[in-house]
Amino acid sequence: MRVSSYVVIGIMVVAATVMVSSLGMGHWKSKLLPLILGGIILLLGAIELWREMSAGKKAASTKTQTATSERKESREMLRRYLLAGGWVVGFVVTIYLLGFIIAIPLFTLAYTKLHGTSWWFAVILAVLTLGLMYIISEPLASIPLYRGLLFMHLDLG
Amino acid sequence: MFLGVLIGLSVGILPAIGGLVPMAMVLPFMFLLRPLEGLPLIVTISAVGYQGGSMTAILLNIPGTEPNAATLIDGFPMTQKGEAARAIGAALTSSTLGGVGAVALALAVIPVLLYIVMAITSADMVFVILLGISFIAVLAERSMTKGLLSGALGLLISLIGYQPVTGIPRFTFGSTFLYDGVGLVPVIVGLFAIPEAIALAATGGTVAQVEAKLAGMQQVLEGVKDVFRHWWLFLRSMVIGYVVGVIPGIGGAVAPFVAYGQAKASSRHPEKYGTGCVEGVIAPESANNAVLGGSLLTTLALGLPGSAGMAILLGAFILQGLVPGPRMMTEHCDLSLTLLLVVVVTNIIAGGICFGLIPHVSKIARVPARILFPLIVVIALTGAFLYRQLLGDVIIAVTFSVLGLVMRTFGYSRPALLLGFVLGTLFEKYLFIALGAGGPFFFLRPISLSLIAIIIGVIGLGLVRTLRKKEAF
């Protein structure tokens, strides 16, 4: 089975879960749309899955030697996507712990420096990014940026 | 007014800040200003936010304001094709002309339109929203089933939170954070901005994947000419934006999608939409600024705010001791006309400022991924936080970026999901109001039946197109 088929199955499982959980909702007005939409998604999912299966069979019968090198390439691409995603997750964790004011320059500096930018450029970019975000949010929009769990815990926020 | 232009444009860069926040920001200062100073300031900020927001949508896949979300469907692919300046030129021209044209339209059709607005009921609203939802079939990119699945998923996601009629929380997993539902800004940055940033970081290089054929200013002029070449599309989209703006309670985020959907549905080459087609930029941008002309008219003449921005303006009127409504147009005719003219003048000023910036800002498309990736991620996630000042929205944005990446990889339509999400809550609310007021046959009204006929036409057109392409279904 192709990976895209698992995606369709995942969507169908979500729709089925929504339908089952909405059955327990007290009022009919609350469960009407979840049940209808869940049903529509299950139906569309079944059509898409059937298409996926038949496309998978066709692809299997025309497999060539290039498949191995393509698989290697896609694995390499997946690794790069996961790495970039890891940076995003790392940034979010830093925001949660240290707040935006530290996380923004730290993330910008670390990423640009580790990807071959010179120190002075990385520092300037980090400071400018923080400056822009800070000026727009705090003095201009009067919205305080989140200060981070650590600083809030230490009452330094 | 000039201050308003500067505030509106400068804060338009952040997805959550553009539009509503600066309007709310100046609201407390209404006491210090006279009506003819304070109210134009608020209208100005509202009028120019979309112009600044279209630039970030096209260059970084981050819409500055919610109504700019439809612009990125074709705007960002144009940047990838090395046509950023052309896309921005077309966006700014259509947005500016759309804003100006809508005011002219507002002045021309005041008596007729107000009569129609008064005749629209919740039952008709159900079908206006359904018409928007029917465009999901048109927004579907390569596969109709995947497009419809995406739209249905968007509708399903919109159900998270309190049910608008019964007040029963749904799919909140016991978290009070989700009681108010999932915010639009985190969904947009998660679905569009972060997946593109991750893809950019993974592949390396720059956003623009090919060399530009024309130099900066030449491209801008090409974009301007594009709007005049597609004048009929521009006019249709502007009228759609205006009409959606006039109808209270729908909001500006819907109009650009409807305009985009009709542009694609009526195009001779719908397959080019989503791949960097200039018509896909002109249609939503003509509509998003035209919304203001329509909603301003309804707010002034009926006291019914057409959008959240107009609700803030209504608050400003009350703070100034003025009561918008039918008597507003006669007792305060000078102020009413001034506000409509402010929309015209500020659109022209903001357009002029932005045009001067295009050749410079479009160079962002040539910035290497190692610099652009952290910038996009920082702007997107800070914007997600600023939307409601909740860290949970940052988590929502990251969650939706995973969904966005999966959809991007496996060919599901992200615009269709977004359209379903935007319209889902509104649909449910008006459906139950209409059912309560008119019973199961609430749709037996001339306006509703006309709308049903249009919806059948739109879906039929989508199906015919799909069946012509054998592989697409």
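Start with chain B: of its 473 residues, 64% count as buried. Keep in mind as you click around that this is a predicted model. Colour chain B by secondary structure and you'll get 21 helices and 2 strands. Its contacts reach a long way along the chain, too: among those with a separation of 6 or more, 79% join residues 24 or more positions apart.

**Stop 1: the core.** Select Phe91(A), Phe100(A), Val182(B), Phe373(B), Leu381(B) and Leu418(B). These touch the most other members of the largest nonpolar core, which has 154 residues. Now highlight helix α10 of chain B, residues 184-203; with 14 residues, this helix supplies the largest share of that core. A separate core of 19 residues lies apart from it, and you can find it by picking Ile42(B), Leu313(B), Phe317(B) and Val342(B), which are among its members.

Zoom in on Phe100(A) next. Beyond its close sequence neighbours (within four places), Phe100(A) is in contact with residues of chain A including Leu130(A), Leu145(A) and Tyr146(A), and with residues of chain B including Leu381(B), Phe385(B) and Val394(B).

**Stop 2: where the chains meet.** Show both chains: 58 residues of chain A are in contact with 58 residues of chain B. About 5000 Å² is buried between them, with carbon and sulfur atoms giving 84% of that area. For polar features, look for 8 residue pairs in polar contact across the interface and 2 salt bridges. To see a salt bridge between the chains, select Lys146(B) and Glu48(A), whose closest N and O atoms are 4.0 Å apart. On the side of chain A that touches chain B, the elements giving two or more residues are α1, α2, α3, α4 and α5 of chain A. The top contributor there is α2(A), with 15 residues. Colour that side by residue type and it splits into 38 nonpolar, 15 polar and 5 charged.

**Stop 3: salt bridges.** There are 15 over all chains. Try Glu76(A) and Arg80(A), at 3.3 Å between the closest N and O atoms; both sit in helix α3 of chain A, 4 residues apart, or about one turn. Then compare Asp226(B) with Arg86(B), where the closest N and O atoms are 2.6 Å apart. Asp226(B) lies in helix α11 and Arg86(B) in helix α5 of chain B, so this pair ties together parts 140 residues apart in sequence. Are these two buried or exposed? Asp226(B) is buried, at 2% relative accessible area, and Arg86(B) counts as buried at 19%. Finally, add Glu83(B), Glu222(B) and Arg229(B) to your selection: together with Arg86(B) and Asp226(B), they are linked in a salt-bridge network.

Definitions and conventions
Residues are numbered from 1 along each chain as its sequence is written. Chains are lettered from A and ligands numbered from 1 in the order in which they are written. This is a predicted model: local features need pLDDT of at least 70, side-chain atom pairs count only at pLDDT 80 or more; totals for chains, interfaces and linings use all residues. Side-chain values use heavy atoms; hydrogens and water are left out. A nonpolar core is a set of buried Ala, Val, Leu, Ile, Met, Phe, Trp, Tyr and Cys residues joined through side-chain atoms within 4.5 Å. Buried means under 20% relative accessible area, exposed over 50%, partly exposed in between (1.4 Å probe, protein chains only). Contact means heavy atoms within 4.5 Å. Buried area is the accessible area (1.4 Å probe) that two parts lose on being put together, summed over both. A salt bridge is a side-chain nitrogen of Lys or Arg within 4 Å of a carboxyl oxygen of Asp or Glu. A polar contact is a pair of N or O atoms within 3.5 Å; within protein, one must be able to donate a hydrogen and the other to accept it, and residues adjacent in sequence count only if both atoms are side-chain atoms. Ala, Val, Leu, Ile, Met, Phe, Trp, Tyr, Cys and Pro count as nonpolar, Asp, Glu, Lys and Arg as charged, and the others, Gly among them, as polar.
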